[in-house]
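Student: I should like to learn how helices, strands and nonpolar cores are read from a structure. May we begin with a helix?

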Amino acid sequence: MSLLRYIGRRILFVVPQLLGIILVSFFLVKLIPGDPAVMMLGPTASQQSLDELRQKMGFTQSLPRQLLHYLHDVVRGDLGTSWQTTQPVTQDLFQRFPATLELISFGLLLAIAIGFPLGVAAARLKQGPVRKFADYYGLLAGAMPDFWLALVLIYIFYTKLNWSPPPLGRIDMAVVSPPTVTGSMVIDSLLAGDWDALSSSFGHLVLPVLTLGLINAGPILKMTQSTMERTLASDFVRYADMCGLPRRVVLRQAIRAALPSVVTIVSVLYGFLIGGAVLVEIVFSWGGAGQYAVQGVLNADINPVLGFVVFSAIVSLVIYLMVDLLYFALDPRTRT
Amino acid sequence: MNAAPPVLDVANLWVGYPSYRSETVHALRGINLQVAAGEIVGLVGESGSGKTTLARAVMGLVPEPGAIERGQVLFAGRNLAALDDAARRAVLGRELVMVIPNPRAELNPVLTAGRQISNVVLHHLGVGRREADRIALDMLRAVRIPDPERRFAAYPHELSGGMAQRVVIAIALVCSPRLVISDDATSGLDVTVQSQVLELLQTMVREKGAAALFITRDLAITAHFCTRIAVIYAGEIVEIATTRSFFRRPRHPYSIMLLAAFSHNPALRARWTRSQDAAGDAAVAGCSFAARCVRCRPLCLTEPPSLRAEAADHAVRCHFPVDTAA
């Protein structure tokens, strides 16, 4: 019951947190140089039409007034309209956010699948080829830019080998998209039992997911390795050894103790990648949320930028809440 | 002593830690020690004297990068250091157990106390989880922990130091071991709790018919709980005797210095304590205690003494054993 109260309180706190985030990002976005009216009407527009548009969009009002207006709309679930897509920002984001979440969720799953076992193995074996491989891998993954790896993968698997579909979006243009349920093309095709859509969307997903997975396995590997090394050298593992518990049992206990830090690094990476995967999104023409926001910044299209900030803040807050609940499950010392 | 073969037989054990720039540091230098069934032997020494290295060597787990250089340890006739990992794990926690100090840090923080006892039962006695849990709970009752059902489900951070120590004793004794090693196990506890825990440990060791090696810095503890006492200094046993003989007539100047440290008589303390600043580094060739010895003579600086029997139940490593009844 105290757990439910805790969740309730956390969700209640989301409101002031969101307010603060909107406040800061609103003024920051307003600082971006560039006049939306000029962008929208082009360089040949007359002064009069520019003034009219500014008036209509509320840019002549004072900043606090504009903020109040914006907040008023946000409360009603209206994040404004993007002048580039001429669609409501909420609608745009509901289309694009699932694309980003699909990409980074699968990417991080792959990263965990690579980084975690490798980190555990490297921590157990002080020398030998596995340890050496892990060391080099961590170094390489940290040094390589993700968009560059993406281009290399495209060059090898699309240009040279032609194994993968062209890096253009999430599904072949000739294939009909499955009805949206979860927002993930792959899962939706699976749910619809549409094999053409499944194989096409899966094919499109492989290279970007491989890119994000290979790069982000680096930090996960490093974190797992250092935490496991500390755990394996800790007093309770030594004591478990002295008690003659079987090796695999001791290892399982050590992994269990190392899990919270892995959860932490994964959640940090997740929050970061919502916006941080944008270069990979651009390389693969993924049509994700990060791409949408960057276009907004470049074209002084303010509403998409703010909308993106609000959306990713909500997603991050949900993720951190989930992490805290995971901590509860993993570590009895936090349940006080 | 008993005619039966000893549970623990340490024979001329040398353990060294290779050092990066200088010579290998010898933590143990020719230790000979036997512990027979039913015996409680106290091993007394200051920090750095090699007590913990000895405990680890007995378990066949000399901490890296240390290594046994000479001699061997036989536990019930077996050399644990020569066993493979799985075979050693079958002995540790089952026949040869360790009672550790500071248990709140050494128990697994994410498992309940009961689960940690029952894990040991499960893996060593080959019973199912339910039976293991039952045995574990019985054991918690046997170590007289208050409210055992609740403590069974408690995590280590929810236990007091004394209760955690009882849990560790329960883990140690639940499989009815043949030898219990206690490494400074009660040093972190309040004095009143300490004596309760020690008495409990002594009773349980007797009840289970086990032998025990009590490693401690506190001579006073050994007086009440041990049948024999060995004093270790700089990796060597300098005096070994039955408790009775030791406290009646301590022979080694170091033992007397340790005893005098408890004395209320400042003159006695001063008489047996030599300032370490005054000591040189000259003792390398001779007796390892020479630099701190108030009775040091020229011979002590050149010739290392050997462990000589002064009586049937009393041996001392000194050229000039003290001859006055203390």
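Tutor: This is a predicted model. Helix H5 of chain B, residues 129-142, has 14 residues and reaches 20 Å from its first C-alpha to its last, close to the 20 Å expected at 1.5 Å a residue.

Student: Which residues of H5(B) are buried?

Tutor: Burial is judged by counting neighbours: a residue is buried if 20 or more other C-beta atoms lie within 10 Å of its own. In H5(B), this applies to B:Ala132, B:Ala136, B:Met139 and B:Leu140. They lie on the same side of H5(B), because they cover an arc of only 100 degrees around the axis.

Student: Which residues are exposed on the other side of H5(B)?

Tutor: B:Arg130 and B:Arg141 are exposed there.

Student: Against which helices do the buried residues of H5(B) pack?

Tutor: Their partners, also in chain B, are helix H4 (113-125), helix H6 (148-152) and helix H7 (161-173). One should also inspect the backbone where the helix ends. Just after H5(B), B:Arg144 takes a positive phi of about 55 degrees.

Student: Let us turn to strands. Which residues of strand S11 of chain B lie on each side?

Tutor: In S11(B), residues 314-317, B:His314 and B:Val316 are on one side, and B:Ala315 and B:Arg317 are on the other. These four residues are all buried, and both faces of the strand are thus covered.

Student: With which strands does S11(B) pair, and in what sense?

Tutor: Strand S9 of chain B (residues 236-242) pairs with S11(B) in the antiparallel sense over 3 bridges. Within this pairing, B:Glu239 has B:Val316 as its bridge partner. Strand S10 of chain B (residues 307-311) also pairs with S11(B) in the antiparallel sense, over 4 bridges. Here B:Ala311 stands opposite B:His314. S10(B) and S11(B) form a hairpin, with 2 residues between them.

Student: How many residues has the largest nonpolar core, and which have the most contacts inside it?

Tutor: A core is read as a network of buried nonpolar residues joined through their C-beta atoms. The largest has 158 residues, and those with the most contacts inside it are A:Ile220, B:Ile117, B:Ala170, B:Val174, B:Leu179 and B:Leu213. Helix H9 of chain A (residues 195-232) gives the most to this core, with 13 residues.

Student: What does B:Leu179 touch?

Tutor: Leaving aside residues up to four places away in sequence, B:Leu179 touches B:Val7, B:Leu8, B:Val35, B:Phe75, B:Leu96, B:Ala210, B:Ala211 and B:Leu213. There is also a second, separate core of 13 residues, which includes A:Leu79, A:Ala289, A:Tyr292 and A:Leu306.

Key
Residues are numbered from 1 along each chain as its sequence is written. Chains are lettered from A and ligands numbered from 1 in the order in which they are written. This is a predicted model: local features need pLDDT of at least 70, side-chain atom pairs count only at pLDDT 80 or more; totals for chains, interfaces and linings use all residues. A nonpolar core is a set of buried Ala, Val, Leu, Ile, Met, Phe, Trp, Tyr and Cys residues joined through C-beta atoms within 7 Å. A residue is buried if 20 or more other C-beta atoms lie within 10 Å of its own, exposed if 12 or fewer, and partly exposed in between; C-beta atoms are placed from the backbone. Two residues are in contact if their C-beta atoms, placed from the backbone, lie within 7 Å. Two strands pair if DSSP finds at least two bridges between them. The expected span of a helix is 1.5 Å times one less than its number of residues. The arc is that of the directions from the helix axis to the C-beta atoms.
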